[in-house]
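This report looks at helix geometry, burial and backbone angles in one chain. Please keep the sequence and the coordinates open while reading.

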Amino acid sequence: MTAMSTAALLFFPIAMAIAASSDLLTMRISNKLVLLLTAGFFIVAVAVNLPLQQFAMHVLCSLIVLAVSFGLFALRLIGGGDAKLAAATTLWLGFGTTLPYLGYTALLGGVLTIVILLLRGLPLNPVLARMTWLARLHNKRSGIPYGVAMAVAGIMVYSNSAIFERLAA
């Protein structure tokens, strides 16, 4: 495996780890990161000669997820960053791994939500309260950093995606 293919192989999981940490620490997922993830897919898809029909299916999958997730955003069920991250993630995954991704996201997101809500019921240690991100996470009026669950789920199913299989070959 060349250094270039190794870098391409690691691009998605590294970007997802950055998205997770950003959402956890700031409750935001940068538009620049989502655009970088999207552009990265197009570059890698061309580099691995992803067949045009398969490429189109990845794009279609992403557009469907974008439409559904923006509907959820409009209903205030998820954040805008989460909606964009879901679309960029499924661009990499395609139809074959999107359902497992969404299932893992729901499961991990549910566990994350329960844990955070339970921890919010406990007093926050004054030393820990000085950490802005922990105080924000502990605040009962704050949201849940669902991007963490989305990123972990994406990394979990990535090795079953067509992009990964072509890069690892």
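Does Thr89 count as buried or exposed, and at what relative accessibility? The model is a predicted one, and in it Thr89, a residue of helix H4, has a relative accessibility of 0% and therefore counts as buried, the cut-off being under 20%.

## Surroundings of Thr89

When its neighbours within four places in sequence are set aside, Thr89 is in contact with Phe12, Met16, Leu37, Tyr101 and Gly154. Phe12 and Met16 are themselves among the buried residues of H1, while Leu37 falls in helix H2, residues 31–47, and Gly154 in helix H7, residues 147–158.

## Helix H4

Helix H4 comprises residues 80–120, and its end C-alpha atoms are only 24 Å apart, whereas a straight helix of 41 residues would span 60 Å at 1.5 Å a residue. A bend of about 125 degrees is found in H4 at Gly94.

Phe95, which also belongs to H4, has a relative accessibility of 39% and so counts as partly exposed.

## Helix H1

Helix H1 has 24 residues and reaches 33 Å from its first C-alpha to its last, which is close to the 34 Å expected at 1.5 Å a residue. H1 nevertheless bends by about 35 degrees at Phe11, and a proline, Pro13, follows within four residues.

The buried residues of H1 are Ser5, Ala8, Leu9, Phe12, Pro13, Ala15, Met16, Ala19, Ala20 and Asp23, and they pack against H2, H4, H7 and helix H8 (162–168). An α-helix has 3.6 residues a turn, so residues three or four places apart point the same way. Among the buried residues of H1, Ser5, Ala8, Phe12, Ala15 and Ala19 follow such a spacing.

## Loop residues with positive phi

Met27, in the loop between H1 and H2, has a positive phi of about 60 degrees although it is not a glycine. With a relative accessible area of 22%, Met27 is partly exposed.

Asn49 also has a positive phi, of about 55 degrees, without being a glycine, and it lies in the loop between H2 and helix H3, residues 52–74. The relative accessibility of Asn49 is 59%, so this residue counts as exposed.

## A nonpolar surface patch

Met57, Leu60, Ile64, Val68, Leu72, Leu75, Leu77 and Phe95 together make a nonpolar surface patch of about 730 Å². H3 contributes the largest share of this patch, with five residues, while Phe95 comes from H4.

Technical notes: Residues numbered from 1 in each chain as written. Predicted model: local features only at pLDDT ≥ 70, side-chain atom pairs only at ≥ 80, totals over all residues. Heavy atoms only, no water. Helix = DSSP H or I, 4+ residues; strand = E, 2+ residues; numbered from the N terminus. Buried < 20%, exposed > 50% of the residue type's maximum accessible area, 1.4 Å probe, protein only. Patch = residues over 30% accessible without salt bridge, like charges linked within 9 Å, V, L, I, M, F, W, Y side chains within 5 Å. Areas by Shrake-Rupley, 256 points an atom, 1.4 Å probe, with all protein chains shown as cover. Salt bridge = Lys/Arg side-chain N within 4 Å of Asp/Glu carboxyl O. Contact = heavy atoms within 4.5 Å. Expected span 1.5 Å × (residues − 1). Bend = angle between axes of the 7 residues up to and from the residue.
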